[in-house]
Amino acid sequence: MTQQHTPGPWEAHKTPGHGDHWITTPHRKVGYKLAYVSPDSQIGAARDGEAEANARLIVAASDMLTALEHMTGVQRFLPDMCDWCANAVAVIARAKGEQP
């Protein structure tokens, strides 16, 4: 059985004075961190925007997975209108560590 991910919502918190971001969840004890996103230390401020964008994407991942799972439910009812469903099912499997 594949390990389940930490349920959302997830939140990004920027470290004051730095470009670092901690990804946290309110579902766990205070201070529980899921991930750390940092700009490249060699480039510094030039990568702060990229680190922030990566943090936003990570925060949205759990919600995007849930939305994609709901959307692929259409395939059972409207198979001819769901050309993208096969790709979506493969993406869901990859996110869950399963074979498509």
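A residue counts as partly exposed when its relative accessible area falls between the buried limit of under 20% and the exposed limit of over 50%. In this predicted model, V74 has a relative accessibility of 33%, so V74 counts as partly exposed. V74 lies in helix 2, which covers residues 74-77. Together with F77 and L78, V74 forms a nonpolar patch on the surface, and the accessible area of these residues together is about 300 Å².

A look at the whole chain gives this patch its setting. The secondary structure comes to three helices and three strands, and these follow the pattern β-β-β-α-α-α along the sequence. Of the 100 residues in the protein, 22% are buried. The accessible surface of the protein comes to about 7200 Å², and carbon and sulfur atoms contribute 56% of that surface. Among contacts with a separation of 6 or more, 29% join residues that are 24 or more positions apart.

The strands offer a pleasant detail for anyone interested in aromatic geometry. The structure holds one aromatic pair. The pair is formed by W22 and Y36, whose ring centres are 4.6 Å apart and whose planes stand at 45 degrees, so the arrangement is tilted; planes under 30 degrees apart would count as stacked, and planes over 60 degrees apart as edge-to-face. W22 belongs to strand 2 (residues 21-24) and Y36 to strand 3 (residues 33-37), so the pair ties together parts that are 14 residues apart in sequence.

Both ring-bearing residues can be placed on the accessibility scale as well. W22 has a relative accessibility of 30% and therefore counts as partly exposed. Y36, with a relative accessible area of 40%, is partly exposed too. The ring of W22 has a further partner: K33 lies over the face of W22, at 5.1 Å from the ring centre. The limit for a charge to sit over a ring is within 6 Å of the ring centre.

Towards the other end of the chain, K96 is worth a visit. K96 is placed in the segment after helix 3 (85-95). Its relative accessibility is 29%, so K96 counts as partly exposed. K96 and H5 are 91 residues apart in sequence, while their C-alpha atoms are 8.0 Å apart in space.

Definitions and conventions: Residues are numbered from 1 along each chain as its sequence is written. This is a predicted model: local features need pLDDT of at least 70, side-chain atom pairs count only at pLDDT 80 or more; totals for chains, interfaces and linings use all residues. Side-chain values use heavy atoms; hydrogens and water are left out. Rings of Phe, Tyr and Trp (its six-membered ring) pair if their centres lie within 6.5 Å; planes under 30 degrees apart count as stacked, over 60 as edge-to-face and the rest as tilted. Helices (H or I, at least four residues) and strands (E, at least two) are DSSP runs, numbered from the N terminus. Buried means under 20% relative accessible area, exposed over 50%, partly exposed in between (1.4 Å probe, protein chains only). A charge sits over a ring if NZ of Lys or CZ of Arg is within 6 Å of the ring centre and within 35 degrees of the ring normal. Contact means heavy atoms within 4.5 Å. Accessible areas come from the Shrake-Rupley method with a 1.4 Å probe; for residues, only the protein chains shown count as cover. Patches are made of residues with over 30% relative accessible area and no salt bridge: like charges are joined within 9 Å, nonpolar side chains (Val, Leu, Ile, Met, Phe, Trp, Tyr) within 5 Å. A salt bridge is a side-chain nitrogen of Lys or Arg within 4 Å of a carboxyl oxygen of Asp or Glu.
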